[in-house]
Each structure stands twice: as C-alpha cells, then as structure tokens.
Amino acid sequence: MTWPVLITLAILTFAFKAAGPMIFAKRPMPAWLDDIVRILPLAIYPALVASSVFGSPEGVTFDARAIAAAAVLVLVILVRKRVFGFAMLLGAVVTAGVRALFGP
Amino acid sequence: MANLADTATPANSRVSLTLLTGAVVLFGMAYGADSFAAGNGILMPVVASTFIVGGASQIATEAVLRGDGSPVTAVLIGLALNLRFVALGLIISPYLPTQPLKRLFASHLVSDHPVSFSMLETPERRKKSYLLIGLLMWGAWVGGTLIGAVAGSAFDASALGADGAIAAGFVALAVDQVVGRKSVITAIVAFATSMILMIWVESGIAVVGATVVAIVVGRAIGVHKELAR
C-alpha cells in the first residue's frame, strides 16, 4: 500500500457509500429504483455466498468452506428459523475441523 | 452505544453478534499482520482499515501493488470490489439519520453485515440496529488490524475457520431472502452467475456482475411483486 493509493481509495469508497443516502436524503426514491432496491438483497447475498464459499485468488476453489456452507444450508433449511449465531458457529467449527483433519 | 439487549432479536442476538465480531476481528488481524509483514508498518494498515473499511478491497489493492501493478490499477481493482457499497447504501438509505453530518458518518459504516443484519429487523428498529452493528463491525475491523499489525506475521486466521463463519453467515442471509418460486429463481441466477464470472474476474467484480444480472432477471419475472407481499 502507498499513501496516495490509500487516500484515493478511501475518498472514492466513501463517495460510493454516501451516494445513495445523500442523493435520497430529502426526496423519495423513484418507483423503478424502489423495485430494484427491493430485489437487491436477494440478488447480492447469493452472489456473496458464491464468492465467500468458492472464491480465491486463483478463481474458483473447492475447500473446507464449501463443506461448512453445505452443513449450514442443511441446518437452515431443516430448522426453518433465523439461526445466524449457530450457523456461523457451525461454519467456523466445520471449516476449522476439516482443515485440522485434512490440511488447508 | 446502545445496550445490545435493547436491540437483540433472533437475527442479531448476542450469540450472532459475538461470533460475527470475533470473525471480523480475526480477519482484521490477518490483514494487519500481512500488511505489516509487507513493510507497511503499523500506521498505514490501521489508517486504511479506519477510512476504507472494505477488507476485500484493501487486501486486493495491496496484492496488486506487491505484484508490481500500477497504482491506478490497484485503485481500480479496489473500487470494483467496493462497487456493491453503492447498492448497500441505497438499501439502508431510508433508515439513516436525517441530519446531514450524522447521515454522512452513518454512510461510512455501510458494509455487508451492518446492512444485511439490520434489514432483517422490523423497519422501526433498523436505524438503531444498523448503527449498533456498523460501529461494532468498524471497531472490530480496525481493532483487529491494529492487533495483527502489532502481533506480526505469524497469525493464521483460516486455521480458526473465520472465513467459514463469514461464508456461513452469508448462506443464512441468502436463504432468509427466499420467499417463493420467483425468489428461488433469482437467487439461483445470482449464485450461478457469480460462480461463472469468478472463473475470469476477481470475486468482488463477479459479485457486482451477478447482482446486475439477477436484478434484470428478477425484475423481468416480477420477483419484486413476490417480495412485496
């Protein structure tokens, strides 16, 4: 990291974060944008699942995270409740366990 | 800071927040240790975590610079990974403080977990929940970075399963968004597109591309009407 890169990235990232809240601080969102915002969580979280479970600097990787994610998916579907704490604990334990048994 | 018990729900219970905070601290430690080992000292990674607050972009930017990439390329890669913050800012926008300076500060806390966890709350609790979780995650990320930079480069967060915990959290969040047939289709499109794009591009860019494709498909099949029910 260099200071010019750090400062540029910090300023522009802040602009990304503040754009929506500042533009729509005093005016309502148009209906078409409201529809998109309604869909956004459904679009963004499965995409984040793919990147956080299978993503790596080499591209797509299958490792302990995938086994943990499968275990969590089964838990969430079977329990049919919001069990984020247990889901995350299960994810950590399974990932760490698989790595301890079979290596990284 | 508000008492955790005031905002505790099944979505952001003490157990969930404690685990999430622990995972973010571990990631921060891994980043801090790695950045210190690369010769950035203690101050630079801590300042980066304080003002960028985007783990993936910070790590990727450093990787580009270390690989002899140009500063412009490094910034562009970092920005591409942070592009989703525009979308997350839009999602949380209706629930932020109205006073301009407070609104700006609250915008700085925008990231995956504060927005996603607070949106699981009832609308009247979202603002408080977002600020609480946002401050918690910010503190955990910056604090973890500082500890990692001071502790040195021997730290291995992956052995403790921190990345598995974060991934598990996203799995639970994604499943929670699914309410019917059209939302299943949209979720599968988002996941599959992200997987395909990751073969060629950085994961953060794949997430942005997959989100756009899923929105187009979701809107075309009317998933927003299903979600509004």
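# A tour of chains A and B

Start in chain B by selecting the two domains, where nine residues of domain 1 of chain B are in contact with six residues of domain 2 of chain B. Keep in mind throughout that this is a predicted model. On the domain 1 side of that contact, helix H4 (55–66), helix H5 (71–82) and helix H6 (84–92) of chain B each contribute at least two residues, and the residues on this side comprise seven nonpolar, one polar and one charged. To see the whole arrangement, colour residues 4–157 of chain B as domain 1 and residues 178–229 as domain 2; the centres of these two domains of chain B, taken over C-alpha atoms, are 24 Å apart.

## Between the chains

Next, display both chains and select the residues at which they meet, a contact that takes 67 residues from chain A and 88 residues from chain B. On the chain A side, the elements that each supply at least two residues are helix H1 (3–23), helix H2 (31–54), strand S2 (59–60), helix H3 (64–79) and helix H4 (84–102). Select H2(A) on its own and you have the largest share of the side of chain A that touches chain B, namely 20 residues. If you colour the side of chain A that touches chain B by residue class, you will find 49 nonpolar, 11 polar and seven charged residues.

Now narrow the view to one pair of helices from this part of the tour, H1(A) and helix H7 (residues 100–108) of chain B, whose axes come within 8 Å and cross at roughly 130°. An angle of that value makes H1(A) oblique to H7(B), and the crossing of H1(A) and H7(B) is right-handed. To show the residues that make this contact, select A:Phe14, A:Lys17, A:Ala18 and A:Pro21 on H1(A), together with B:Arg103, B:Leu104, B:Ser107 and B:His108 on H7(B). In the contact of H1(A) with H7(B), four residues are nonpolar, two are polar and two are charged.

Stay with both chains displayed and select B:Leu79, which is placed in helix H5 of chain B. Is B:Leu79 buried or exposed? B:Leu79 counts as buried, because 20 other C-beta atoms lie within 10 Å. When residues up to four places away in sequence are left out, B:Leu79 touches A:Leu9 and A:Leu12. Add B:Thr61 to the selection as well: B:Thr61 and B:Leu79 are 18 residues apart in sequence, and their C-alpha atoms are 9.2 Å apart in space.

From A:Leu9, move along chain A to A:Leu101, a residue of helix H4 of chain A. The C-alpha atoms of A:Leu101 and A:Leu9 are separated by 40 Å, and the two residues are 92 residues apart along the chain. A:Leu101 is exposed, since 8 other C-beta atoms are found within 10 Å.

## Within chain B

Return to chain B and select helix H2 (residues 14–40) and H3(B), the axes of which come within 8 Å and cross at roughly 140°. It is this angle that makes H2(B) oblique to H3(B), and the crossing of H2(B) and H3(B) is right-handed. The residues to show as sticks are B:Gly28, B:Tyr31, B:Gly32, B:Ser35, B:Phe36 and B:Asn40 from H2(B), with B:Met44, B:Pro45 and B:Ser49 from H3(B) making up the other side of the contact. By class, the contact of H2(B) with H3(B) has four nonpolar, five polar and no charged residues.

Follow the chain onward to B:Val53, in the loop between helix H3 (43–51) and H4 of chain B. Most residues other than glycine have a negative phi. B:Val53, although it is not a glycine, has a positive phi of about 50°. B:Val53 is also buried, because 24 other C-beta atoms lie within 10 Å.

For the last stop, select B:Glu124, which is in helix H9 (residues 123–151) of chain B. B:Glu124 counts as exposed because it has 8 C-beta neighbours inside 10 Å. Which distance in space separates B:Glu124 from B:Tyr95, C-alpha to C-alpha? Their C-alpha atoms are 8.4 Å apart, while B:Glu124 and B:Tyr95 are 29 residues apart in sequence.

Definitions and conventions. Residues numbered from 1 in each chain as written. Chains lettered and ligands numbered in written order. Predicted model: local features only at pLDDT ≥ 70, side-chain atom pairs only at ≥ 80, totals over all residues. Domains from an automatic or database assignment. Contact = placed C-beta atoms within 7 Å. Helix = DSSP H or I, 4+ residues; strand = E, 2+ residues; numbered from the N terminus. Nonpolar A, V, L, I, M, F, W, Y, C, P; charged D, E, K, R; others polar. Buried ≥ 20, exposed ≤ 12 C-beta atoms within 10 Å, placed from the backbone. Axes fitted to C-alpha atoms, helices over the stretch in contact; angles between N-to-C directions. Parallel < 35°, antiparallel > 145°, perpendicular 65-115°, else oblique. Left-handed = near helix turned anticlockwise from the far one by under 90°.
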